[in-house]
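Me: Please take a close look at one part of this model, a single open sheet, and describe how its strands are arranged. From there, please carry the description on to the other paired strands, the cores and the confidence of the prediction.

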Amino acid sequence: MKYLINILLSFFCCLVFNSCEDEIELNIPVSNPKIVIHGVISPESKIILDVRKSISVLERDHVDWSNQQIENADFKLFKNMQFIGDLSVDSTNKLIYNINDTNIKEGDNFVLTGNALNYPSINATVSIPNKPDISISDFIYSKNDNYSYNTSFTVNIIDNPTQEDYYTIALQVRLNSIAGNDFIEDEIFKQNDPSFKLIYRTYFLNDKLFNGNTKTINIQYMDYAQLSSIHPTDTFWIECKTLSKDYYNYLITTNKQSINEKDFYAEPVYVTNNIEGGYGILGAYNYKRIPLVLHYNGK
Amino acid sequence: MISPLKIFIFVIFITICFTSFAESNKDTLKNNVTISGFIEDFSTGEKLIGANVYDNKNFSGVSCNNYGFYSLTLNSGIYEISYSYIGFQTQRININLQKDTVINIKLKASIELKEVEIVDSRNDLNILNSKLGSIQIPINSVKNLPSLTGEIDIMKIIQLLPGIKSGNEASSGIYVRGGGPDQNLILLDGVPVYNANHLFGYLSVFNSNAIQNIEVIKGGFPARFGGRLSSVIDIQSKDGNNKKISGNIVFSYVCPQITLEGPILSDKTSFLFSARRTFLDFFMNKLLTSNSQSQGNANSNKNYYFYDINAKINHRLNTKNRLYLSIYNGIDKYNSEKDETDSKDNYTFHTISKSEMKWGNTTTSLRWNHLFGNKLFMNLTSTYTSYHYKTLDETSNETMQNQLITDYKHFKTEYNSGIEDIGCRIDFDYMPKNNHQLKAGIHLTHHLFNPGIKMLTGSLISVDTTLKVGGNEINCFETDYFLEDEIKITPKLRINAGLHSSQFFVENKNYFSLQPRFSLNYRLKEDISLKLSYSEMIQYMHLLSNTTFGLPMDLWVPATSRITPQKSWQLAAGIAKTVKNNIELSLEMYYKKMTGLIEYKEGSSIFDEFTNWEDKVAIEGKGESYGIELLLQKKTGKTTGWIGYTISWSNRQFDELNLGKTFPYRYDKRHDISIVINHKLKKSIELSGVWTLSTGGAMTIPIAFIVNNFNGNVSAGNMVTIYGDKNSYRMPVYHRLDLGVNFIKEKKHCTRIWNFSIYNMYARKNPFFVYYKTYTNPPGFSQLSILMFVPSVSYQIKF
């Protein structure tokens, strides 16, 4: 009897577990490719757009990187309601479109329109933000030990009360010490304000909590002198940027998405998109850079 | 801040009460007398909740409260009083009433009406009930329905009612009128149960053999209930047979069980004991262990089991005093252990890893019923409820050389979360006149929330370190007060009006609310009534969950100084009609608004245990749901059952989600149909079937990828996923047919029942979840389906 019951129970367990899982393919309609724009407009460089097509969900992992360009695309740029020209495709890189405008200043409003055969038309709008109003004060140099030195200073951001502002702060160095190198690198530094969001080596902050007031940030930089990380000829500066809102949100959301990519249970992150009819971002920024003299080798 | 509308409603309520009382007092000038008492089941002594007492001369009547007590006031004279309860023989007594009289009634079960399925809460006829959206389910009648595990699950029966939707395949989670799974107040003997799932949601914690009565309220909430926005599921356990020892034993391959009840002191003290335990561990252990060994692991052991126990003792001190002690305890536990030894050169590496996941509820209530005179009934209850979830991961690595330990590492991670309530409540039922049934009460509850604390312990030969991360325990105090009156204004017009007030103290913040409740029943004709209800609700706690599987790690968190309580108001209207005395038709429409909702922020994960929960949620969400529900029930005869249909919409809006745009709720299912049929073929054979169909659940899917080339590095690693609008994609339609048959045989000392059920008879591949599959050629979407054609068998002996 016991044997019979065991057989019966095992039989039903097997039946249940064998009948309890199956995987089937779903035919979900795939959206057609769209134009993807990545471009940032600022007073310091010419206007460059990276233009390519979006990748279908059925293409991922098998993307043909050599075939990303959109043939015969036509992009027009307007500044302050005035047509300033067609963007021309780069002769060496068909993904790059550019146009020269040497007189970009804060408040300028840009409208980009684009067309290409078999793709929906796109348009995007962006304005150049105000130049950030920052100053630096309270430099303190101190020696930690024989190997490292601290430099601390305060950055004061004087916020404009009439608008939403989106800031980034980075400490940058040009490594003149390396012969022939004109490389600019973001340095690692610490600051004391938890409302900043750190992405790679740049701090992000918006003015929701201090609109119209002065925001002071205490920054600490540690120089491991004996390790020769800094050379007297290297030049440092603090770079503060004001970003257009969509550009700021794009950088935040793409970063968030990449962090959570591997967590199956994480909620999807929507990436900000300001390209109407397509995907990507047309961003803008303004900037201010203040040179710094960082303590070197105890001198 | 209390709105002028609420003050106006309050004034109207008080005016109606006083006016009505004044009318009543005119009658009291005459010689009024009261008959009162308890109505019980003749064979078991169980109270009959909602049994009716009716004066056949004047057509006035009352129904019993939750403890089987009634009080009927009449002018002195000669009367024929009827006592009735669905499934029981009506008893009529002729009485010459000259003074207050106590009559306790014991009703005998009716053989003819045994198959009755669903009855309304207050009366056999739905049309007399002033409450909208309230259904009472007699548990004995739904036990014949087919089931997944060989045992009927009451939460799955509730999912078949219109307006109530299920979550995932086979899950016990319920979603009422567009509300979330946390918005259901599930009460077991008046004590909230915070996690109603065993076996990852496949089975609910409620043992149908220990339950006497279930009432489901979806709208038109009476003032005595509070604390949740969307529904009240009020489950009363059996008191225990006070006539003789009886019980049943159920053998099923998932969850065998035993129930025993009987008198301790005849007609004074009775007990009920019911226990279930799964045998899955005996099979899974062998199955999973042999599987792991085949993969080369030296010793491994995996185990899962659950058990639950219901126990109740009730003692009648005298005719006016009664004590109840009710206890529930249930645990689910999964653990695995692996012991590996490896040798290389002169070294021996020994690794032991253990992991454990354990969760469960405990509820206790100690209740004292006291009768003041023959019109005032008091119920004093102390309650305790807790839900705890714990995981433990432990690894130790030992390296030995020539029998000497050269290296030892030990790491332990322990995660605890849960909620614990201690409460006390006093409720009064006062029946001054037949046209008034007043209820009032005060509830005091202390909540202790533990929103996820993780302990990390590490040891490297001699150094021990411990790190504690996660949220801190939160203490809260909640008080609730209510006043409710069931008023019969005219023979055709009844209203149930009341006020529920509550206060919640948390983190130096004090939330206060006044929630008016109102429902009306106007009897248009003998067999048709119109109903209307309005209710406001507030909920001081939230459930954090971003899975749909009913996982035990879903986290209860309180409203805090930063996260406001959830609030709702609901307006409903309906019509009820009785056809040919045994078919009831009801049509209800509702509109519900919710505020203060929370959801996980984009990118947040339930498994991110290092971030404080308050930083993971989007707050101040708004919700809106509306729909029409149709219910057609046949209650008596050889064939019984119901057809339910719901068409509904449910949306959410959060500033921080979906770029601020409104999106469909995850369980927004446009159409939902359930057909439930029981047929008594002959005395020894009962057939049953359930067919259900619903629109697929809403979900978010990726629609494209773009390359983010801002850093100049173009590769797959820089791909950005573009998602379609939140919950804009619909899973395939869900439908399935379950069939069951019972073979019943009366034996000399017992009744034996063989139950054979098939879940998902035609093996429909319903979506359990849909996911995006990468690293395949080509990538695409797949649907995981489970539980196609699942047979089950159970054998039951009743004695």
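Reply: In this predicted model, four strands of chain A form an open sheet in the order β6-β5-β9-β10, and their pairing is antiparallel. At its edges stand β6 (82–86) and β10 (119–127) of chain A, each of which pairs on one side only. On average, neighbouring strands of this sheet are turned by 20 degrees against each other, direction ignored. Within the sheet, strand β5 (residues 74–79) of chain A is joined to strand β9 (residues 109–116) of chain A by six bridges, and the two run antiparallel. One position on β5(A) can be followed across: A:Lys76 stands opposite A:Thr113 in β9(A).

Elsewhere in chain A, strand β17 (residues 202–206) contains A:Thr202. Its relative accessible area is 15%, so A:Thr202 counts as buried, the cut-off being under 20%. Leaving aside residues up to four places away in sequence, A:Thr202 touches A:Thr168, A:Ile169, A:Ala170, A:Asp186 and A:Lys197.

A second open sheet draws on both chains. Its three strands follow the order β4(A)-β42(B)-β43(B), with antiparallel pairing. Because β4 (55–56) of chain A and β43 (719–723) of chain B are the edge strands, each with a single partner strand, one side of each is left without a neighbour in the sheet. Strand β42 (residues 702–707) of chain B is joined to β43(B) by five bridges in an antiparallel arrangement, and B:Ala704 stands opposite B:Ile722 in β43(B). Across β42 and β43 of chain B lies helix α2 (residues 245–260) of chain A, which runs at about 100 degrees to β43(B).

Chain B also contains a run of strands joined by many bridges. Strand β35 (residues 583–600) of chain B and strand β36 (residues 617–634) of chain B run antiparallel and are joined by 15 bridges; B:Tyr600 has B:Val617 in β36(B) as its bridge partner. Strand β36(B) is in turn joined by 13 bridges to strand β37 (residues 639–653) of chain B, again antiparallel, and here B:Gln633 is the bridge partner of B:Trp642 in β37(B). Four residues lie between the strands in the hairpin of β36(B) and β37(B), where B:Gly637 takes a positive phi near 105 degrees.

Taken as a whole, chain B has five helices and 49 strands. Of its 799 residues, 60% count as buried. Among contacts in chain B between residues at least 6 apart in sequence, 65% join residues at least 24 apart. The chain exposes about 31500 Å², of which carbon and sulfur atoms supply 59%.

The largest nonpolar core has 47 residues, and those touching the most other members are B:Tyr389, B:Ile419, B:Phe449, B:Phe504, B:Leu544, B:Trp556 and B:Trp613. Beyond four places in sequence, the contacts of B:Trp556 include B:Asp182, B:Arg228, B:Ile419 and B:Phe449. Another core lies apart from it, with 31 residues, among them B:Leu145, B:Leu160, B:Val193 and B:Ile211.

As for confidence, chain B has a mean pLDDT of 84, and 86% of its residues reach 70 or more. Two stretches stay under 50: residues 112–125 of chain B, for which the model has 61 contacts beyond four places in sequence, and residues 712–716 of chain B, for which it has eight such contacts. Where pLDDT is low, the predicted coordinates should not be read in detail.

Conventions
Residues are numbered from 1 along each chain as its sequence is written. Chains are lettered from A and ligands numbered from 1 in the order in which they are written. This is a predicted model: local features need pLDDT of at least 70, side-chain atom pairs count only at pLDDT 80 or more; totals for chains, interfaces and linings use all residues. Side-chain values use heavy atoms; hydrogens and water are left out. A nonpolar core is a set of buried Ala, Val, Leu, Ile, Met, Phe, Trp, Tyr and Cys residues joined through side-chain atoms within 4.5 Å. Buried means under 20% relative accessible area, exposed over 50%, partly exposed in between (1.4 Å probe, protein chains only). Contact means heavy atoms within 4.5 Å. Two strands pair if DSSP finds at least two bridges between them. Axes are lines fitted to C-alpha atoms, for helices over the stretch in contact, and angles run from 0 to 180 degrees between N-to-C directions. Accessible areas come from the Shrake-Rupley method with a 1.4 Å probe; for residues, only the protein chains shown count as cover. pLDDT is the predictor's confidence in each residue, from 0 to 100.
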